[in-house]
Amino acid sequence: LVQSLGYKVTFLPQNLAHLGGYTHDLEREGIEVITAPFCLSIENFLETRGAEFDAVYITRYYVGREVIDKIRQNAPKTKVLLNTADLHFLRILRSALVKNDPEQMAQAQAMRKDELEVICQSDVVLSYNDVENAVIQSHTDGVVPVVKCPWVVNVPETVPDFAPRSGLSFLGSFNHHPNHEGLQWFAREVMPLVGQRRKSPISLAVYGANMDASVHALRSDVIDTVGYIETVSDAYDRHRIFVAPLLSGAGIKGKVIAALAYGIPCILTPVAAEGVGLRHGHDCLITESPQDWSDAILSLYDDAELWQKISGNARAYVRDRFSFDTGRQLMRAALEAVDLFGSLE
């Protein structure tokens with residue numbers, strides 16, 4: 001998106017690691033990638049080259065906490081754009097409320113102080129989620145401009161039909177607590193209800209990296225803990241329904257948007273649907289209680305007409321809302337907010 005607006009882009013990973021094909025893919029796009037041993041530290045890079053850049057785009061507040069002061073020292077004219085990814089303190093707060101955990105609540109309060117401090121040191125904040133935009137503005141009194149962060153997804157031209165598909169699909173990295181928490185709840189509270197109410201079983205395939213023993217312990221006749229997959233379409237194209245039973249979390253859920261693009265109808269909690277702009281019964285199903293989850297799965301699983309309707313509406317919505325052109329306009333607005341791009345008016 002930034003390249004399309006005429007900028008040269010340099011990527012500086014915090015760990016300075018060369019990650020093989022991932023690094024080469026960026027370089028093939030014309031992006032300069034800084035890695036060891038050619039650069040020995042972020043501090044050294046900013047000291048020697050920091051003043052070259054019109055802007056530094058930082059993802060996640062804890063990265064900003066480490067580098068913003070160094071940017072200001074070495075490149076005082078450079079604008080700092082902070083992508084929150086999600087509001088970390090809000091995610092921890094929601095998890096603390098779900099579990100009624102005072103210790104986690106205290107962690108969320110300390111994190112809120114740190115995160116808001118970094119936000120206030122930035123020149124503009126990019127957030128994926130309108131709810132989080134409002135939270136940031138209310139907690140900072142509007143000191144820093146907050147703009148919508150773009151998310152772009154490619155929509156496949158065709159998707160597999162309803163009939164050959166089977167089972168439910170869950171996808172998520174298990175380093176991320178909301179995925180772990182949501183899956184455990186779903187396996188414990190929802191899957192038994194579905195099994196009790198349907199003669200032939202409905203299976204659940206669980207995809208994602210970093211599964212621990214507690215996730216693998218869920219394996220049963222109807223739950224398959226597959227783990228990491230190289231091709232993400234495998235989590236979408238083989239199954240009838242994608243589930244995202246998140247009880248906590250923040251930001252925007254990329255796996256949900258990708259599932260919509262791949263045409264697999266989604267059943268989501270309100271947290272999982274947040275920030276995407278979905279409409280229950282039109283392009284997804286949104287539900288909360290175990291009984292309602294069971295109802296939603298059973299109503300959708302064998303109904304080819306409803307399945308096709310939700311699949312088609314979801315793909316049309318994603319094609320419009322998360323297109324490259326829409327993302328480019330949002331990125332331009334972020335740059336305009338710090339006077340790095342002339343207004344279209």
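1. Strands, in the sense used in this note, are DSSP runs of E with at least two residues, numbered from the N terminus. With that in hand, T225 can be placed in strand 9, which covers residues 223-227. The structure is a predicted model, and each point below should be read with that in mind.

2. T225 is a suitable residue to begin with. Its relative accessibility is 1%, and because buried means under 20% relative accessible area, T225 counts as buried. Leaving aside residues up to four places away in sequence, T225 touches V206, M211, V215, H216 and R219. For M211, which is 14 residues from T225 along the chain, the separation of the two C-alpha atoms is 8.4 Å.

3. Two helix pairs deserve a careful look, and helix 3 takes part in both. Helix 3 (residues 61-74) and helix 5 (residues 102-121) have axes that come within 9 Å and cross at roughly 40°. The two helices are therefore oblique to each other, and their crossing is left-handed. On the helix 3 side the contact is made by Y61, G64, R65, I68, D69 and R72, while helix 5 contributes M111, D114, E115, V118 and Q121.

4. The second pair is helix 2 (residues 42-49) with helix 3, where the axes again come within 9 Å but cross at roughly 20°. Because angles under 35 degrees count as roughly parallel, helix 2 is roughly parallel to helix 3. The crossing of helix 2 and helix 3 is right-handed. I42, E43, L46 and E47 of helix 2 make this contact together with V67, K70, I71 and N74 of helix 3.

5. Which side chains meet in a salt bridge between helix 2 and helix 3? They are those of E43 and K70, with an N to O distance of 3.8 Å. Since E43 lies in helix 2 and K70 in helix 3, the pair ties together parts that are 27 residues apart in sequence. Both partners are partly exposed, E43 with a relative accessible area of 36% and K70 with a relative accessible area of 22%.

6. Taken over the whole structure, the search finds 18 salt bridges. Among them is the pair R188 and E189, whose side chains meet at 3.3 Å, N to O; here E189 is partly exposed, at 31% relative accessible area. Another is formed by the side chains of R238 and D234, at 3.5 Å, N to O. R238 is partly exposed, with a relative accessible area of 48%, and D234 is likewise partly exposed, with 23%. Elsewhere, salt bridges that share partners join K8, E32, R49 and E52 into one network.

7. Side chains of opposite charge can pair when their charged atoms come close. A reader may therefore wish to look at E181, which lies in helix 7 (residues 177-197). Is E181 buried or exposed? E181 is buried, yet it has no salt bridge, and the nearest side chain of opposite charge, that of K99, is 5.0 Å away. Because a salt bridge requires a side-chain nitrogen of Lys or Arg within 4 Å of a carboxyl oxygen of Asp or Glu, that distance does not qualify. When residues up to four places away in sequence are not counted, E181 touches S95, V98, K99, L247 and S248.

8. The remaining points concern the backbone. Most residues other than glycine have a negative phi, and most peptide bonds are trans. Where in this model does a cis peptide bond occur? One joins A36 and P37, with an omega of about 5°, and P37 lies in the loop between strand 2 (32-33) and helix 2.

9. A85 has a positive phi of about 70°, although it is not a glycine. The residue is placed in the loop between strand 4 (79-83) and helix 4 (88-99). At 14% relative accessibility, A85 counts as buried.

10. D339 also has a positive phi without being a glycine, in this case of about 60°. D339 lies in the segment after helix 14 (324-337). With 69% relative accessibility, D339 counts as exposed, whereas A85 counts as buried.

Conventions. Residues are numbered from 1 along each chain as its sequence is written. This is a predicted model: local features need pLDDT of at least 70, side-chain atom pairs count only at pLDDT 80 or more; totals for chains, interfaces and linings use all residues. Side-chain values use heavy atoms; hydrogens and water are left out. Helices (H or I, at least four residues) and strands (E, at least two) are DSSP runs, numbered from the N terminus. Buried means under 20% relative accessible area, exposed over 50%, partly exposed in between (1.4 Å probe, protein chains only). Lys and Arg count as positive and Asp and Glu as negative; His and the chain ends are not counted. Contact means heavy atoms within 4.5 Å. Axes are lines fitted to C-alpha atoms, for helices over the stretch in contact, and angles run from 0 to 180 degrees between N-to-C directions. Angles under 35 degrees count as roughly parallel, over 145 as roughly antiparallel, 65 to 115 as roughly perpendicular and the rest as oblique. A crossing is left-handed if the near helix is turned anticlockwise from the far one by less than a right angle, and right-handed if clockwise.
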